[in-house]
Amino acid sequence: MAADRAGVLAWIRRSAEAIHEQREILTELDREIGDGDHGTNMDRGFAAVMTKLPDVADADIGTILKTVGMTLVSTVGGASGPLYGTAFLRAGTALAGKQELTLADALAGLQAALDGVVARGHAERGEKTMVDAIAPAVDALKASVEHDDALRQALETAATAAEDGAKATIPMLAKKGRASYLGERSINHQDPGATSAALFFRAMVTGE
Amino acid sequence: MAVGLVIVSHSERLAEGVVELAGQMASGQVRLAAAGGTDDGSLGTSLNKVLSAIDTVYSPDGVLVLVDLGSAGLVAEMALEQLPPDRRRHIILSEAPLVEGAVVAAVESSIGSSLDQVATTARTAMEMNKVATNQA
């Protein structure tokens, strides 16, 4: 993605498209270990986000991300509403006033998002949640900042790390949310929240 | 004025039902508000609905917020964080079971107890024995 305001808006649009295309898969994953509404909920949330984007077309990146967050909190309905809502709100706060982003800015925003999800969900790594996709992606970005990688390459590596992280939830025992009610039966299923989180990272590097 | 109650549930009908049930115990003395379902009435929870329910029942005597599952607690936490501090400190988020907690909280509030007392009583609902054969 180009790291200016237009690039961020395009990323949100592509994320909404990816959620819409994958909604049945997300719901099916959630049906296996949750309440079977993750795809529907996220699709409803991002449909609402798309109607709000024109209002912030001229706003700074922080304002755009905060608007996404507030919209998700009020429209998604499931736990992913407050969790992704907090992620976008925290990222928006970290990037307040920015018109474009360096790789270090992208890292700061995503680190704030991860910290927000961890605080809101009281979740740690290895508990079969979206943290298991976001945290490895943030680690990858950190390494890229240290190596002074190009933004595009860094985001590509982060997207792969998020996808690998989502796959790595399959053998995990769920410790959070409805899936935790299933105990051992939550094993051998990929976490829907980690799966949708990986879609957001992939959307940063697709469709250019 | 008495401590107000906010009932947050994934289901609009469940929230309204709990308000009805707990309200019956409070004989009109306690203000209760339902925040059930998403804004379009589907199963889920809505920050808007929780904020507006708090606004409906708020008084300086306080508000106890009761929740059903998962996202209801997360949304309620977010709602509290958005309130101004002078309002925030008169509101407690309860970990009590929704139905039992709401009923005992409504009774406690109806006799004029403080927010802390209402919250403590709601918490005792976690230990309620509902079926005689389960009693030790």
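Here are a few friendly notes on this predicted model.

1. Conventions for your scripts: residues count from 1 along each chain as its sequence is written, while chains are lettered from A and ligands numbered from 1 in the order in which they are written. Local features need pLDDT of at least 70 and side-chain atom pairs pLDDT 80 or more, whereas totals for chains, interfaces and linings use all residues.

2. Chain A has eight helices and zero strands, in the order α-α-α-α-α-α-α-α from the N terminus (DSSP runs: H or I of at least four residues for helices, E of at least two for strands).

3. The radius of gyration of chain A, over C-alpha atoms, is 16 Å, which agrees with the value near 17 Å for a compact globule of 208 residues (2.2 Å times the number of residues to the power 0.38). The C-alpha trace spans about 45 × 40 × 30 Å along its principal axes.

4. In chain A, 59% of the 208 residues are buried (20 or more other C-beta atoms within 10 Å of a residue's own, with C-beta atoms placed from the backbone).

5. How many residues of chain A are in contact with chain B? There are 14, facing 14 residues of chain B (contact: C-beta atoms, placed from the backbone, within 7 Å). Helices α3 (61-75) and α4 (80-94) of chain A each supply at least two residues of that side.

6. In chain B, helix α3 (residues 71-82) reaches 17 Å from first C-alpha to last over twelve residues. Its buried residues include B:L74, B:V75 and B:M78.

Key: A residue is buried if 20 or more other C-beta atoms lie within 10 Å of its own, exposed if 12 or fewer, and partly exposed in between; C-beta atoms are placed from the backbone. The expected span of a helix is 1.5 Å times one less than its number of residues. Two residues are in contact if their C-beta atoms, placed from the backbone, lie within 7 Å.
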